[in-house]
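Colleague: Please pick one part of this model and take me through it closely, beginning with the whole chain and ending with the details. I would like the cut-offs spelled out as you go.

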Amino acid sequence: MNNVTLSNILWALSPDNGFAIYNAVSSESEYNGNVIYEDNSKKPTWAQVQSGQVPEQWKVIRSERDIKLGSCDWTRLDDVPITPEKKTEWETYRQALRDITTQPDPFNITWPTPPE
């Protein structure tokens, strides 16, 4: 997991406790060696960190989705010169983007393809 994600998870699990991440972390042994807390008794367990990955990944997915939605906001304007059929295609695409969070696995997202 990248250090930004790890940092977000650690902050959510133990707010207001100082910590440092000294290297990449992808295993429990790396977590134990590379993450240091000012008060080690407040350091979350590796299991807690792993359970925090799914909610954090959903934040990433929502952010990507919002960017994709924003990039096609222009299709919603009344004065856009596109056919009604094309407008419907864009509406379908935008709805598929909004429904992206109904997929079961945030680490294996199938993104819809935008209309041409």
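Modeller: Happy to! Let me start with a term: a residue is buried under 20% relative accessible area, exposed over 50% and partly exposed in between, with a 1.4 Å probe and protein chains only. By that rule, 28% of the 116 residues of the protein chain are buried. This is a predicted model, where local features need pLDDT of at least 70 and side-chain atom pairs count only at pLDDT 80 or more, while totals for chains, interfaces and linings use all residues. Residues are numbered from 1 along each chain as its sequence is written, and side-chain values use heavy atoms, leaving out hydrogens and water.

The protein chain has five helices and two strands (DSSP runs numbered from the N terminus, H or I of at least four residues for helices and E of at least two for strands). From the N terminus, their order is α-β-α-β-α-α-α. The C-alpha trace spans about 60 × 25 × 20 Å along its principal axes. The radius of gyration is 20 Å, whereas a compact globule of 116 residues would have one near 13 Å (taken over C-alpha atoms, with a globule rule of 2.2 Å times the number of residues to the power 0.38). About 7,400 Å² of the protein chain is exposed, and carbon and sulfur atoms supply 50% of that area (Shrake-Rupley method, 1.4 Å probe; for residues, only the protein chains shown count as cover).

The part I have picked is helix α5, residues 84-98. With 15 residues at 1.5 Å each, α5 should span 21 Å, and its end C-alpha atoms are indeed 21 Å apart (the expected span is 1.5 Å times one less than the number of residues). Trp 90, Tyr 93, Arg 94 and Leu 97 are the buried residues of α5. They cover an arc of only 95 degrees around the axis, so they sit on the same side of α5 (the arc is that of the directions from the helix axis to the C-beta atoms). That fits a familiar rule: an α-helix has 3.6 residues a turn, so residues three or four places apart point the same way. On the face turned away from this buried side, α5 carries the exposed residues Pro 84, Glu 85 and Thr 92.

What does the buried side of α5 pack against? The partner is α4, residues 53-71 (contact means heavy atoms within 4.5 Å). The 19 residues of α4 should span 27 Å at 1.5 Å a residue, which agrees with the 27 Å between its end C-alpha atoms. In α4, the buried residues are Glu 56, Gln 57, Trp 58, Ile 61, Arg 65 and Leu 69. Both α1 and α5 are among the elements that cover them.

Leu 69 of α4 shows the pairing in detail. Leu 69 counts as buried because its relative accessible area is 12%. Leaving out residues up to four places away in sequence, Leu 69 touches Arg 94, Leu 97 and Arg 98. The C-alpha atoms of Leu 69 and Gln 95 are 9.4 Å apart, with their positions 26 residues apart in sequence. Arg 62, also in α4, is partly exposed at 37% relative accessibility. Its C-alpha lies 8.9 Å from that of Arg 98, which is 36 residues away along the chain.

To place α5 among the cores, start with the largest nonpolar one, whose nine residues are Leu 6, Ile 9, Leu 10, Val 25, Tyr 31, Val 35, Tyr 37, Trp 46 and Val 49 (a nonpolar core is a set of buried Ala, Val, Leu, Ile, Met, Phe, Trp, Tyr and Cys residues joined through side-chain atoms within 4.5 Å). Helices α1 (3-13) and α3 (46-51) and strand β2 (35-37) each supply at least two residues of this core, and α1 gives the most, with three. Apart from it lies another core, of five residues, including Cys 72, Trp 90, Tyr 93 and Leu 97. Trp 90, Tyr 93 and Leu 97 are the names we met on the buried side of α5.
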